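Got your viewer open? Load the model shown below, switch on the cartoon, and keep the selection box handy. We'll hop from stop to stop.

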Amino acid sequence: MTPMIKLPKISIITPSFNQGPFIERTILSVLGQEYPSLEYIVMDGGSLDGTIEILRKYEGRLKWISQKDEGQADAINKGLRMATGDVIAYLNSDDVYQPGTLKKVADHFLAYPETLWLTGQCRIIDEQDREIRQPITAYKNFLLRHYSYSLLLVTNPISQPATFWRRQVMDELGVFDKNEHFVMDYDYWLRIGKRYPPAILDGCLASFRVYTTSKTSSSYLRSFREELAVAKRHSGSSLLNALHWLSYLGIAASYVVLNSLARFRSRH
């Protein structure tokens with residue numbers, strides 16, 4: 001008889017605060033993976049919008065804590081310190097995994113033990129789970145296929161919901177910088193990428209939700225500025241910093257156009 005291959009234990013952290021309209025879809029996208037060695041931890045910041053009632057529905061299938069925190073990165077870090085998995089990731093409380101994602105991730109880590117982190121493609125969706133902003137997705141996928149650390153210092157093609165890393169990475173580099181409230185993930189990718197290149201998986205692993213009141217939509221200019229500041233901390237190249245500035249201008253302009261079009265369509 002062929003011995004059964006032991007799948008790596010995967011720990012998923014979901015930071016949450018008043019995301020009642022979306023969090024159940026996030027939870028179901030994780031639990032619906034039916035991955036046999038899953039640890040799912042929800043770190044809630046003290047929601048008052050019905051989130052706690054939703055979490056109680058899934059007790060026994062996930063761990064959850066609801067208490068005040070110092071922001072998203074702090075909540076993620078608390079979950080990471082609780083996690084016991086061999087592979088780790090976080091999924092925000094308005095994003096979702098595609099079916100089969102965890103099995104695909106586990107299969108890659110089993111087949112390539114030298115891989116310490118990986119990322120894949122990610123769709124952008126709206127409140128009703130409809131795919132939007134396909135040109136941005138196509139652009140990021142193009143950049144991802146041509147990944148290099150220098151490119152990562154110029155722009156960020158790595159989608160946070162579609163990124164996973166081995167525990168060894170956290171043991172070496174620690175957790176997220178809790179002082180970063182918008183680009184803690186980009187800072188972490190730069191820290192990892194300086195030591196290890198990511199594996200790039202084909203296919204869509206997750207969907208990232210954008211809507212009027214989401215942090216990405218309401219504060220995208222601040223996010224891009226903070227990405228530039230983080231890149232400068234990791235880069236010793238004035239040329240790469242200048243290219244990142246140009247990239248920032250182009251991306252910011254595209255978001256202004258997309259948001260203007262979205263407002264126009266909503267009125268008509």
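Start by selecting Asp 187 and Arg 191 and showing their side chains. Asp 187 forms a salt bridge with Arg 191, and their closest N and O atoms are 3.6 Å apart. Keep in mind that this is a predicted model, so you're looking at computed positions. Why can these two reach each other? They sit four residues apart in helix α8, which means about one helical turn separates them. That fits a general rule: an α-helix has 3.6 residues a turn, so residues three or four places apart point the same way. Both Asp 187 and Arg 191 are buried. Now add Glu 180 and Arg 233 to your selection: salt bridges that share partners tie Glu 180, Asp 187, Arg 191 and Arg 233 into one network.

**Two more salt bridges**

The structure holds 14 salt bridges, so let's pick another two. Select Lys 103 and Asp 107. Their side chains meet in a salt bridge with an N to O distance of 2.9 Å. Here too the partners are four residues apart, this time in helix α4 (residues 101-111), so about one helical turn lies between them. Are they buried or exposed? Lys 103 counts as partly exposed at 42% relative accessibility, and Asp 107 is partly exposed as well, at 34%.

Next, select Asp 129 and Arg 209. The side chains of this pair meet in a salt bridge too, at 2.8 Å from N to O. This one links distant parts of the chain: Asp 129 is in the loop between β6 and α5 (134-145), while Arg 209 is in strand β8 (residues 199-209), 80 residues away. Color the two by accessibility if your viewer can. Asp 129 is partly exposed at 36% relative accessibility, but Arg 209 is buried, with a relative accessible area of 1%.

**Strand β7 and its partners**

Now select residues 163-166, which make up strand β7. Show the side chains and look along the strand. Which ones point which way? Thr 163 and Trp 165 point one way, Phe 164 and Arg 166 point the other way, and all of them are buried. In a regular strand the side chains alternate between the two faces of the sheet.

Add strand β4 (residues 87-90): β4 and β7 pair in the antiparallel sense over two bridges. To find a matching pair, click Val 87, whose bridge partner in β7 is Arg 166. Then add strand β6 (residues 117-125), which also runs antiparallel to β7 and is joined to it by three bridges. Here the pair to click is Thr 119 and Thr 163, which stand opposite each other.

**A parallel pair**

For a contrast in direction, select strand β2 (residues 38-44) and strand β3 (residues 63-66). These two pair in the parallel sense over four bridges. Ile 41 stands opposite Lys 63 in β3. What joins up with the two strands to make a unit? Add helix α2 (residues 51-57), and you have a right-handed β-α-β unit made of β2, α2 and β3.

**Helix α3 and its cover**

Select residues 72-82, helix α3. Its buried residues are Ala 73, Asp 74, Ala 75, Ile 76, Asn 77, Gly 79 and Leu 80. What covers them? The cover includes β1 (10-16), β2, β4, β7, α7 (167-173) and α8 (184-193). Zoom in on Ala 73, which counts as buried at 1% relative accessibility. Leaving aside neighbours within four places in sequence, Ala 73 is in contact with Asp 177, Lys 178, Glu 180 and Met 184. You've already met Glu 180, in the salt-bridge network at the start of the tour.

**A surface patch**

Switch to a surface view and select Leu 239, Leu 243, Trp 245, Leu 246 and Leu 249. Together they make a nonpolar surface patch of about 490 Å². Leu 246 is in helix α11 (residues 238-267) and is exposed, with a relative accessible area of 53%.

**Two backbone oddities**

For the last stop, go back to sticks and select Glu 34 and Arg 133. Glu 34 has a positive phi of about 55 degrees although it is not a glycine, and Arg 133 has a positive phi too, of about 50 degrees, again without being a glycine. Where are they? Glu 34 is in the loop between α1 (23-31) and β2, and Arg 133 is in the loop between β6 and α5. Glu 34 counts as exposed at 70% relative accessibility, whereas Arg 133 counts as buried at 13%.

Notes
Residues are numbered from 1 along each chain as its sequence is written. Side-chain values use heavy atoms; hydrogens and water are left out. Two strands pair if DSSP finds at least two bridges between them. A crossover is right-handed if, with the strands pointing away from the viewer, the path from the first strand over the helix to the second runs clockwise. Buried means under 20% relative accessible area, exposed over 50%, partly exposed in between (1.4 Å probe, protein chains only). Patches are made of residues with over 30% relative accessible area and no salt bridge: like charges are joined within 9 Å, nonpolar side chains (Val, Leu, Ile, Met, Phe, Trp, Tyr) within 5 Å. Accessible areas come from the Shrake-Rupley method with a 1.4 Å probe; for residues, only the protein chains shown count as cover. A salt bridge is a side-chain nitrogen of Lys or Arg within 4 Å of a carboxyl oxygen of Asp or Glu. Contact means heavy atoms within 4.5 Å.
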